[in-house]
Amino acid sequence: MSDYFAPPRAEIALYRFPSLFYPIAAIVALALQAYVPLLFHAAVYLDLPLFVVVYYGLCARNATGAVVAGATMGLLQDGVSHLALGLNGIAETLVGFIAAGIGSRLDSDNAGVRFLVVGGLYAMNATLIFLMERYLMARMVPWWGGRLALAAAFNGAAAVPVFRLLDRFRQAR
């Protein structure tokens, strides 16, 4: 009964992408993360680099690669943000690992699954960053509370069309 929502292992499709797909996606996500909130204030709640990490984890289904992608993307994101170097790196490393685990067990092409996975992983990422800032760095940062749930839903809803766009670049193995 535990495999009710997952397709049989032989039916899980594996995809490959052009060699520069993920580096270009990472650069575009970081650039948009830095400049789009200047134009639209609501975009401050979007975490576009997290989308790239989750998409890689769901599609590649390789935990090692997803961990490396998460750590790299998190450190690059820390370099352009106000956070201490390593906070996003730690949080997105865990996000990449969990996304790869989910991608190997569920059909990650479903829009509902993508919405729930991105929303849940966004909430986990924000919570980890909050806990590290509050208790490891002794900063008195406020807890988002209700805004976190809205931001998670916003990220989940925004990820569905972004993932559809990224799906156009994948090729069957």
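A polar contact here is a pair of N or O atoms within 3.5 Å. Keep in mind that this is a predicted model.

Q: Which backbone nitrogen does the side chain of Thr 93 reach?
A: Start with where Thr 93 sits, which is helix α4. Skipping neighbours within four places in sequence, Thr 93 is in contact with Val 67, Gly 70, Ala 71 and Asn 88. For the polar contact, go to 3.5 Å, where the side chain of Thr 93 reaches the backbone nitrogen of Ala 71.

Q: How far does helix α3 reach from its first C-alpha to its last?
A: Helix α3 covers residues 63-79, so count 17 residues and take 1.5 Å times one less than that number. The expected span is 24 Å, and the model comes out close to it. From first C-alpha to last, α3 reaches 24 Å.

Q: Which helices are included in what covers the buried residues of α3?
A: The residues of α3 that need covering are Gly 65, Ala 66, Gly 70, Met 73, Gly 74, Gln 77 and Asp 78, as these are buried. What lies over them includes α1 (21-39), α2 (48-60) and α4 (87-105).

Q: At the start of α3, which backbone nitrogen does a side-chain oxygen of Asn 62 come within 3.2 Å of?
A: Look at the start of α3, where Asn 62 offers a side-chain oxygen. Within 3.2 Å of that oxygen is the backbone nitrogen of Thr 64.

Q: How far away is the nearest side chain of opposite charge to Asp 78?
A: Asp 78 lies in helix α3 and is buried, yet has no salt bridge. A salt bridge would need a side-chain nitrogen of Lys or Arg within 4 Å of a carboxyl oxygen. The nearest candidate of opposite charge is Arg 139, at 9.4 Å.

Q: Which backbone nitrogen lies 3.2 Å from a polar atom of the Asp 78 side chain?
A: Leaving out residues up to four places away in sequence, Asp 78 touches Leu 83, Ala 84, Leu 85, Gly 86, Leu 87, Asn 88 and Gly 89. At 3.2 Å from a polar atom of the Asp 78 side chain is the backbone nitrogen of Leu 87.

Q: Is Arg 61 buried or exposed?
A: Arg 61 is in the loop between α2 and α3, and its phi is near 55°, a positive value in a residue other than glycine. The cut-off for burial is under 20% relative accessible area. Because Arg 61 has 18% relative accessibility, it counts as buried.

Q: Is Ala 138 buried or exposed?
A: Ala 138 lies in the loop between α5 (111-136) and α6 (146-167), with a positive phi near 55°. Exposed means over 50%. Ala 138 has 64% relative accessibility, so it counts as exposed.

Terms used:
Residues numbered from 1 in each chain as written. Predicted model: local features only at pLDDT ≥ 70, side-chain atom pairs only at ≥ 80, totals over all residues. Heavy atoms only, no water. Helix = DSSP H or I, 4+ residues; strand = E, 2+ residues; numbered from the N terminus. Buried < 20%, exposed > 50% of the residue type's maximum accessible area, 1.4 Å probe, protein only. Contact = heavy atoms within 4.5 Å. Polar contact = N/O pair within 3.5 Å; in protein donor to acceptor, adjacent residues only side chain to side chain. Lys, Arg positive; Asp, Glu negative; His and termini not counted.
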